[in-house]
Amino acid sequence: MVQWYPSTNMPSVHAKVIVNPAAGTRTAYRCWPEIRSLLRGGGLPFDFQYTEGAGHAALIARTAVSNGYRLLVAVGGDGTINEVANGILTASCAEVVTLGIVGTGTGNDLVRSLGLPREYAQACRRLIAGYQHHAIDSNGEYLCIDVGLVAYMAGGVPCERYFVNGAGVGFDAEVVEAAGKMPRRFGHTVPFVMGLLRTLPSYRNKWIRLTVDDQTEEARILSVVVSNGAYFGGGMRIAPDAMLTDQKLNMVAIGDVGKVELLRVFPRVYKGTHITHPKVRAVRVEEVAVVSQERTLLQADGELLGEGPVSFRVVPQALHLVL
């Protein structure tokens, strides 16, 4: 069940809009003049800043929070939202900051998981209605969602990162790596599928030690996906039972599936019926750890981060959204 919390302490605020001009094969850049007009025409007071590369959205967000902004709006895709969320969540007063979203990315999987409009004009109208509800009605409400926190290695250095929609270790991360090297002119789904087909011939399933909450086992797996939302990969319903507000993560472990079998089962991911396959395990969890003697890559919210060993845990009711 979706949980709502009163926002009686939220003032009418001047928003910081963070725009990733590269998102959605530069869709955000092309559409930003109209998005800006829609937001201003709807009465949202804001200033904006373009991102200039990887990590910049997180820096802008963290700086904005320290400068007193209490509403941040991400204009971009899942990676942009991830960075803005990380900027908020690593600030000292994250609990009083609210995130708004105008999805202009190629995947927009978090937008799907939240049930938000994928068309930017509708998303702007939805955001404005939510803002006005907060600003005018002292009894206004906001949605508070869980996030995940993943610990991993990058360049031999231990790192941590929040993820909002989902993360994964193994085959899916290698597909993300391959898809990231391809042109995005066809959106996100086509490069993801092409990345899958490019990765599949040489990929070998990994032997791992998997700890789910307090239970440990060894298994040979294709992937371990830890989801907060239901979708990934540009519309694949990887974790159909996932809820952003249940104070749990959904682990989908895909076992020792062969290549032919994977290609046969793969279309079922779009409907979420793959979880009935005997080699697929889907459970609600609070913590997951993956350790392997083999190199295992990690992706989070569609961005390649690093490699194992990896541990995931839920951070309940951590991020406030205006919807």
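## A tour from aspartate 172 outward

Start by selecting aspartate 172 in this predicted model: beyond its neighbours within four places in sequence, aspartate 172 is in contact with Ser223, Val224, Val225, Phe232 and Gln299. Colour by secondary structure and you will find aspartate 172 in helix 6, which covers residues 171-179. Is this residue buried or exposed? Aspartate 172 is buried, with a relative accessible area of 4%. Now add leucine 222 to the selection: 50 residues separate it from aspartate 172 in sequence, yet the C-alpha atoms are 8.3 Å apart in space.

Stay in helix 6 and pick phenylalanine 171 together with tyrosine 203. Their rings form an edge-to-face aromatic pair, 5.0 Å centre to centre with 65° between the planes. The pair links distant parts of the chain, since tyrosine 203 belongs to the loop between helix 7 (189-199) and strand 9 (206-212), 32 residues from phenylalanine 171. Phenylalanine 171 counts as buried at 5% relative accessibility, and tyrosine 203 counts as buried at 4%.

Next, zoom out to the whole chain. You should see 8 helices and 16 strands. Of the 323 residues, 55% count as buried. Among contacts with a separation of 6 or more, 73% come from residues 24 or more positions apart.

Which residues have the most contacts inside the largest nonpolar core? Select Leu72, Val84, Ile88, Leu99, Ile101, Leu114 and Leu319; the core itself has 34 residues. Elements giving two or more residues to this core include helix 3 (78-89), strand 5 (98-103) and strand 16 (303-321). Centre the view on leucine 319 and show its surroundings: leaving out residues up to four places away in sequence, leucine 319 touches Ala85, Ile88, Leu89, Leu99, Leu143, Cys144, Ile145, Val147 and Val164. Apart from this core lies another, of 24 residues, with Val169, Val288, Ala300 and Val310 among them.

For the last stop, show the aromatic side chains. The chain has 7 aromatic pairs. One of them joins phenylalanine 48 and tyrosine 50, edge-to-face, at 5.7 Å centre to centre and 80° between the planes. Phenylalanine 48 is partly exposed, with a relative accessible area of 29%, and tyrosine 50 is partly exposed with a value of 29%. Widen the selection to Tyr29, Trp32, Phe46, Phe48 and Tyr50, and you have a cluster linked by ring pairs. Finally, add arginine 26, which lies over the face of tyrosine 29 at 4.5 Å from the ring centre.

How values were computed
Residues are numbered from 1 along each chain as its sequence is written. This is a predicted model: local features need pLDDT of at least 70, side-chain atom pairs count only at pLDDT 80 or more; totals for chains, interfaces and linings use all residues. Side-chain values use heavy atoms; hydrogens and water are left out. Helices (H or I, at least four residues) and strands (E, at least two) are DSSP runs, numbered from the N terminus. Buried means under 20% relative accessible area, exposed over 50%, partly exposed in between (1.4 Å probe, protein chains only). Contact means heavy atoms within 4.5 Å. A nonpolar core is a set of buried Ala, Val, Leu, Ile, Met, Phe, Trp, Tyr and Cys residues joined through side-chain atoms within 4.5 Å. Rings of Phe, Tyr and Trp (its six-membered ring) pair if their centres lie within 6.5 Å; planes under 30 degrees apart count as stacked, over 60 as edge-to-face and the rest as tilted. A charge sits over a ring if NZ of Lys or CZ of Arg is within 6 Å of the ring centre and within 35 degrees of the ring normal.
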